[in-house]
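Trainee: Could you take me slowly through one part of this protein, the cysteines and whether they are bonded or free, and then show me how that part sits within the whole chain?

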Amino acid sequence: MPFATTTLPSGEAVPTLGQGTWMMGEDRNRAADEVAAIRLELDLGVTLIDTAEMYGSGGAEKVVGEAIAGRRDEVFLVSKVLPSNASRNGVIRACEASLKRMHTDRIDLYLLHWRGGVPLSETIAVFEELRQSGKIRHWGVSNFDADDMEELNRLSRGSACQSNQVLYNLTRRGIEFDLVPWSRERGMPVMAYSPVEQGALASNKGLVNIAARHDATAAQIALAWVLAQTGVIAIPKATRLEHVRQNAAARDIRLTTEDLAELDRLFPPPSRKRPLEMI
């Protein structure tokens, strides 16, 4: 069966499960395992890969480049530029460096990692230049709250934003109050980083009980919950092959109405506006 996808505002379908690379590329002794994990993800149909120039000071992008060698056309490649590089010349230099590290001629989705001191209008303008030149295919943002998105949307070409990557999992549901509805109204996917709270949810007793009903792990239930949210893309990281297989298998878990109600009791949705959380 085809794997689940969601649709960007551009109309392009992208997978709802991807592979994150935060904390990869920091130790060359682990590089072979990290490359093997990404290649197994591709074999299992997990073809969206998220990385950033910040991760491992470029090391994660090098790992990605090695992993996707010969398979670039299978991959929807996401990377991010630091706010310190968000000026016109800075973005161009950063993008060229990321392309070189990943041995590719294009990035499918290029994100501003978080807001900094450079005016958004300047960053958007250079994103559009890169898009028109073919070096990036789409652009978006990361760690933007609802008011940031409103501001972005008011700018010239701001509506061309394709995604917002934010912290989202069962214990970090604050974005459901305003950011998620705002995004859904505009058909803009939310990319959820740390969907298993950096592994902390893997030992949650309530999740363990639900997992037993599905012959799954607690981490798989936490991931399946994120994948069940409309218009959300989950990007868990995995460097162990068994963990890769478990993440991929979470796509097949179908949470019941009773499961979802129990999860809402264990991890209540927000009843008021909360500040955007980041890690």
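Mentor: Let us start with a definition: a disulfide is counted here as a pair of cysteine sulfur atoms within 2.5 Å. In chemical terms, a disulfide is a covalent bond between the sulfur atoms of two cysteines. Please keep in mind that the model in front of you is predicted, and that a search of the whole structure finds zero disulfides. Cys95 takes part in no disulfide, and the nearest cysteine sulfur to it, that of Cys161, is 16 Å away. Seen from the other side, the closest cysteine sulfur to that of Cys161 is the one in Cys95, and because the separation is 16 Å, it is too far for a bond. Both residues can also be described by their exposure: Cys95 has a relative accessible area of 0% and is therefore buried, while Cys161 counts as buried because its relative accessibility is 1%. The cut-off behind these two statements is that buried means under 20% relative accessible area.

For a further buried residue, look at Leu8, which lies in the loop between strand 1 (5–7) and strand 2 (13–15). Although it belongs to a loop, Leu8 has a relative accessible area of 4% and so is buried. Leaving aside residues up to four places away in sequence, Leu8 touches Val14, Phe76, His138, Gln162, Gly187 and Pro189. One of these contacts, Pro189, stands 181 residues from Leu8 along the chain, yet the C-alpha atoms of the two are separated by 6.4 Å.

Now we can step back to the whole chain, in which, among contacts between residues at least 6 apart in sequence, 77% join residues at least 24 apart. The secondary structure of the protein chain consists of 10 helices and 10 strands, and buried residues make up 54% of its 279 residues. The radius of gyration is 18 Å, which agrees with the value near 19 Å that a compact globule of 279 residues would have. Along its principal axes, the C-alpha trace spans about 55 × 45 × 35 Å. The chain exposes about 12100 Å², of which carbon and sulfur atoms supply 50%. As for charge, the chain carries 33 positive and 36 negative charges, and the mean positions of the two groups are 2 Å apart.

Conventions. Residues are numbered from 1 along each chain as its sequence is written. This is a predicted model: local features need pLDDT of at least 70, side-chain atom pairs count only at pLDDT 80 or more; totals for chains, interfaces and linings use all residues. Side-chain values use heavy atoms; hydrogens and water are left out. Helices (H or I, at least four residues) and strands (E, at least two) are DSSP runs, numbered from the N terminus. The radius of gyration is taken over C-alpha atoms; the globule rule is 2.2 Å times the number of residues to the power 0.38. Buried means under 20% relative accessible area, exposed over 50%, partly exposed in between (1.4 Å probe, protein chains only). Contact means heavy atoms within 4.5 Å. Accessible areas come from the Shrake-Rupley method with a 1.4 Å probe; for residues, only the protein chains shown count as cover. Lys and Arg count as positive and Asp and Glu as negative; His and the chain ends are not counted. The place of a charge is taken as NZ of Lys, CZ of Arg, CG of Asp or CD of Glu.
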